[in-house]
Structures are given as C-alpha cells and as structure tokens.
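The report below goes through the contacts between chains, the domains and the packing of one model. Please keep the sequence and the structure in view while reading.

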Amino acid sequence: MKTDWRERRHRWDIRYAPYAYIAPYFLLFSVFGLFPLLYTAWVSMQDRNLLDGDAATFIGLDNYVELLTADPYFWNAMGNTLSLWLLTTVPQILFALGIAQLLNRRLRGRTFFRMGVLLPNITSVAAVTIVFAQLFGRDFGLINWALELFGAGRIDWQAGTASSHTAIAAMVVWRWTGYHALIFLASMQAIPTSVYEAARLDGANGWQQFWRITVPMLRPQIIFSTVIATAGNMRLLAEPLLFNPGAGAETGGSDRQFQTAALYLYEHGFKKFDFGYASAIAWLLVIATVLITGLSYLAARRIRTD
Amino acid sequence: MRRTGTMVGVGLLAASLLAGCSSGASDGKTRITIGLFGNFGYQQLFEEYEKAHPDIDITDRTASYSDHHKNLAAHLATNNGAADIEAVDVGYINQFKANPNQFTELKSDIKDRWLDWKWEASLSKDGKQIGYGTDIGGLAICYRRDLFEAAGLPSDRDQVSALWPTWEQFMATGKEFAAKAPAGAKFFDGGPTVLNAIVGQAPTGYYDKSDKIVVGDNADIRKGWDLVAQGVADGLSAGLLHSTPQWNTGFKQGQFATLACPAWMMAKIKDQAPDTAGKWDLAAVPGGGGNWGGSYLTVPKQGKNVDKAVELATWLTAPEQQGKVFANAGLLPSTPSLYSEQSVATKQDAFFNNAPVGRVFTDAARAFKPQYQGPKAGDVQTEIGNAMQRVEQGKQSPDESWTQFVRDVTR
C-alpha cells in the first residue's frame, strides 16, 4: 500500500510539476498581459471618456471604422511609424554587425569597448532624448554649428518631415546598436575558426568571409534582433514626445510630421481623454506590429548560406 | 566589495518596498499630499500651516505642466493615486469639471472672495464648485531695456507703454526695432505667444456659450492671426514655441526683446535666466487688459483626508495667503479685495528694474473682460499654436495654415 502511494505521488510529480513550475509566468502574463489586452479590446468598442467610465456607451466597431476610413491623422501617424521603423531598424542591424565584427578582433582593452557599446542602452531614455534634442537644436545645437562650420546651412530639425525623422532615428539607433552588437558578437565567437581557415585556403578575402560566412552563420541572431527591433520601434513614444516638449508635445510637430502611432494614441487617451478611441488605436497598432514583424521575419530569413 | 554592493542594493530595495507599503506618517500626524506644477510659491505657507497645525504634515510633489495634468487624469480614471489636493490650470479645468463627481464639492458661502469669472470657470454644469481659484494671469508685456536702447527705442516703461496702445502699433514698433536691432535679437519670442495674448482679449474666444467651436468665424481672432502672421513675415519673431527648451535658451541668449507676460511668467523668467536681472522691465499690454492662464486647487474625492484637505485648500486660496504668494512669488491673486491693498498695489519688482508690478497687473486684471472658455479650449490653443508654427517654419502660407487649423478643430 505504502509503496503504491509513493509511486503514485512520484507519477503525479513527473506529470504535473512542470506545469506548476511554469505557472508563475502564465499567471503574471494573464494578469499583466492578457487581461489588459482583452480589456483594451472591450474599451475600444465603447465611446468612453477616460474620467467617466460609468457613462461609457457600447458602439461596436465605430471607432475602428472612423480610424480606418475618416481619420487622415491616423494614417499620417501610421506612415510616420513605418518610416521611422525603416530608418531605425535597418541601420541598427547594419551598424551592429559592423561593430560586432570590429569587437571580434584582438584589441587592446577589449572588455572596455565591449561594455562601452552597451552604455547607451542603459542610460535613461528621457535623458538621452533631452540631450539629443539639444544637439539637434535650431539656433544653438552642436550639429547645426558643425554644419555651418563646413559651409552647409542650418537645419530646423523639428520643422521638416525628413529632418525630424532623421534626428529621432539617430537617437534610437544610438541607443540600441550596442545591444544588438553584443548579441552578434557572442554568436560570432561561436563560429568555428576552421570555417574561416578553409575559406582562406580557397582564397576568400575578409569582405567575402564576412558576407559569405559570418552573416549567414548569424542568421538566427539577425532574425531575433530584427524582430525585437521591429516590435520596439513600432511603439516609439518617448523619443518623438520629448523631441518637441511643451504644450503641444503630443502632436509631434506643428504639422504632426513626426507623430508616431503610439504618440497619436497618447494624444487621444491622455490629452483628449478619449479612452475608447485610444484603445482602438492601440489594437490597430498591435495588428500592424504583428504584420510588420512577420514581414521582417520573412525578410531576415532569406539570408542563407550558399 | 562586490558583496557589500549587493547587500546595499538589497537593502535599498527592501527600504523602497517598505516605504511603498507604509501610508500616512508614522508619527501620528495626518499627511496631506498636494500635487502642483511649476511654481506656486507655497513653500513658506506650508511651513506656516504646519506650525499652526502640529497634527498636519504637508508633502508636495511638483511635476511639469502637462505631466501633472495627465497624471491627474490617470489617477482619477483609475480612482487611485491622486494627491489629497490637486492643482488644475484653467486650460484643463473644463475637462475636469465635466466630471464633477470625481471631486469634492467645495462650499459656496465664500464665493465673494473671488472674481466672478474666476469662480464661474470652475463651476460644473450642474452648479458644483470643484476648485478654489489661486492666481490669475493678468497680462502685461515684459521687455528688455538693454535691447530697446540698443535699437534706439525709448526704454522708460511709460514711454514704452505709450508706443503701443494697439497690437498694430506693437507690430509697427517691432519693425522699428528690427531695423536697428542687435544681431540675433528679434522683437518677440514666437507667434503663438503673441497670438495667445490677443485671443485672450477678444470678447468671444474659440467657443460660443453653447459650447460650439466658432473660431472659424471669429473676426477678432482672424484679425489677430493676420497681424501676427504679418509680423512673422516681417522677421519680428524669434520662431520659438513657448515652454520648450529652445524657448528657455532664448531667455539666456537674449533672442527676443518682448514677451507677452502673464504674472506667472515673471517667476518663469527669473527661474530661466537669473543673469538677466535688472535688464527686464514691464509695460502695459496692447489692447488693454487680458488674461492668460491661472489655476485652481481641487480636492479629489478619492483622498483619505478629504476634510482636512478642504481646510488646507481653503486656507491656501484665502485672500491673506494669496497676498503672501504675490509678495514672494509674484502670482497675481484672484481675490479682488487685495487689489486695493497697499502691499499689493504698490509692489515693485527689482528683477524687472523696480517695475510697479502691483499697479500694472491689478490694472490689467480690472480691465479684463471675461471670456467664455469651452470644454476643450486647451486643445484648440495647442492647435492654433501649431498652426502659427507652421507659418513660422515656412511650411504653409498663413491662409493654408488657418484653413487647416479650422478644419482640425471643427472636425
């Protein structure tokens, strides 16, 4: 009898204990991830003021219909988000590959440089943005001063679409390149040297080795980085918000030239208190992020070894 | 070493967790929290109140203008986290008073303390008072004496006031200034600031009394728009948007010679550019009188110490205390009984070359004809500021930008 009980307990242990071990994550996820998602979906089908939840009325898909068919500023924000996604994600991955390649050599003070590239990532995003906004200042910014020194004119960075996107992309790229570089570096070191030796014997130069061996061997990490960068850059908020602080910060420039979708959501939710509409924007942004992430996954997967 | 580092980290973490758990002061005092933005000039008053009420411990937390109001909205929405007393700017009061149930209704028996329009602006549609008025933004023009002298203009404040009884004459003075201005100095800081002052003087603002947006047909505002746009075209504007870091730098660098100056702006100038003490002076605002900004103290219902909070808010906004705030921070009282009091009416400000701030601002407040503010006047003000900026940045012509502005706010 006793052994039977023991045996049964052992079987249960094997069968059910793993569920108990992973349960904390799923519990936390359902409270802080799943529930907010579903609740947002529910709110997005209401006409609801942020301050007055009791007076909310159910309006079905009206918010979505209005956003998709009658709100040019939503599409403007989506366009800006896509533009910034391209301007941030692509350079980020390319620079990170280059930096990782440089750090993979025998350098004096290697650890110092390897830790150094991560520093931008651990500084506060607000501080970074405020410093960059100063650098990109119209009248006394360092960048305009340098441009003028070389005979190019001053640029009102906040005013233009291309110039403001460039400035914001610079902040994001500066912040995240080091992070991706370290991921690439770690896997570069796992590539067996024999592969390179064989390539050298076949007469491949450094450039060919990089594109034919290193990059294809890093394929899983490049896919990972692209997906992470895409998911992050699709919900860009702090950089455009703090690039132009002041009473009109939420509109992302005088003509909404750098208002991202997340910023548009923020404007409706927390400036205009239109909670239902903001929730609908949030869901459309989720859908767009899934689509774009899927596309970039497919694009990164095309890297192959010959 | 590494281990002690970890221990310290763990200790800090534990301490912060404990601090998060313990609510209310541990020494038997009632803690009243108060959420503010910018500079209300309350620090000395808090100490005075705590001395008179040993059982009260006042904790204030100050955020930037827009952060403060957004946090307040989030705290009201989730019914959690608001301070016992929360300041609300007039630009946001309409949005908050639309949901008066979030706030403790304040007593009306002391209504006579305040200017009528100040009292009514925070009254909900069903007649509940959600906030007691603190200051108002009586208007004047701050100007740089040194820059005026350099451009060959008079620098004496009465002569300067005489230069611009109207905004047209203000712009004409601007052209004279621009002709001989020192390098890098423009006449005014930015179109949106000037436009705000002009809009604030119009009998009707962005809304009519039935809460309909009528700015598209408002001849006064359109006239002001055209005037400011012309000033921008004439090169009078430094092209800076108020309350941005670039604008703050503009003070330090002397990028503009005049600034539409509500009373609270003076505290801002002192904070931003202490080095310019004595270079500023104060003249009358063109068009006579006006108001821009000013605040209220509200008591959210969710607080734990509502009664004591109401008591403190009532005390802070009482005429006596408003007079003290005017004396040390220069915020113009919303209680007119003070305007004839010697200490207020004769106040001078050394930072502004001993300008008679008491007389200038109380005159402006008396001459001000109240304007009805609609539910989203703050949003419309943001949009018209953006619109003027599009003109300044050369992105659109004044007409195009105006058309887009009217379409945006009436959509």
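Between the two chains, 24 residues of chain B are in contact with 23 residues of chain A, where contact means that the C-beta atoms of two residues, placed from the backbone, lie within 7 Å. This is a predicted model: local features need pLDDT of at least 70, side-chain atom pairs count only at pLDDT 80 or more, and totals for chains, interfaces and linings use all residues. Residues are numbered from 1 along each chain as its sequence is written, and chains are lettered from A and ligands numbered from 1 in the order in which they are written.

On the side of chain B that touches chain A, helix 3 (65-77), helix 11 (245-253) and helix 17 (377-392) of chain B each supply at least two residues. Helices (H or I, at least four residues) and strands (E, at least two) are DSSP runs, numbered from the N terminus. Helix 17 of chain B gives the largest share of that side, six residues.

Chain B is divided into domain 1 (12-137 + 293-345) and domain 2 (138-292 + 352-410); such bounds come from an automatic or database domain assignment. The C-alpha centres of domain 1 of chain B and domain 2 of chain B lie 29 Å apart. Across the domain boundary, 22 residues of domain 1 of chain B are in contact with 26 residues of domain 2 of chain B. The largest share of the domain 1 side, five residues, comes from helix 4 of chain B.

The table gives the make-up by class of three sets of contact residues. Ala, Val, Leu, Ile, Met, Phe, Trp, Tyr, Cys and Pro count as nonpolar, Asp, Glu, Lys and Arg as charged, and the others, Gly among them, as polar.

| Set of residues | Make-up by class |
|---|---|
| Side of chain B that touches chain A | five nonpolar, 15 polar and four charged residues |
| Side of domain 1 of chain B that touches domain 2 of chain B | 13 nonpolar, eight polar and one charged residues |
| Contact of helix 3 of chain A with helix 13 of chain A | seven nonpolar, one polar and no charged residues |

The secondary structure of chain A comes to 14 helices and two strands. Helix 3 (residues 72-103) of chain A packs against helix 13 (residues 261-271) of chain A at an angle of about 145°, with the axes 7 Å apart. Axes are lines fitted to C-alpha atoms, for helices over the stretch in contact, and angles run from 0 to 180 degrees between N-to-C directions. In this pair, Tyr73(A), Phe74(A), Ala77(A), Met78(A) and Thr81(A) of helix 3 meet Ala261(A), Leu263(A) and Tyr264(A) of helix 13.

Helix 3 of chain A also holds Ala96(A). Ala96(A) counts as buried because it has 26 C-beta neighbours inside 10 Å; a residue is buried if 20 or more other C-beta atoms lie within 10 Å of its own, exposed if 12 or fewer, and partly exposed in between. Leaving aside neighbours within four places in sequence, Ala96(A) is in contact with Thr177(A), His180(A), Ala181(A), Phe184(A) and Ser225(A). Buried residues make up 34% of the 306 residues in chain A.

The C-alpha atoms of chain A fill a box of roughly 90 × 70 × 35 Å, taken along the principal axes.
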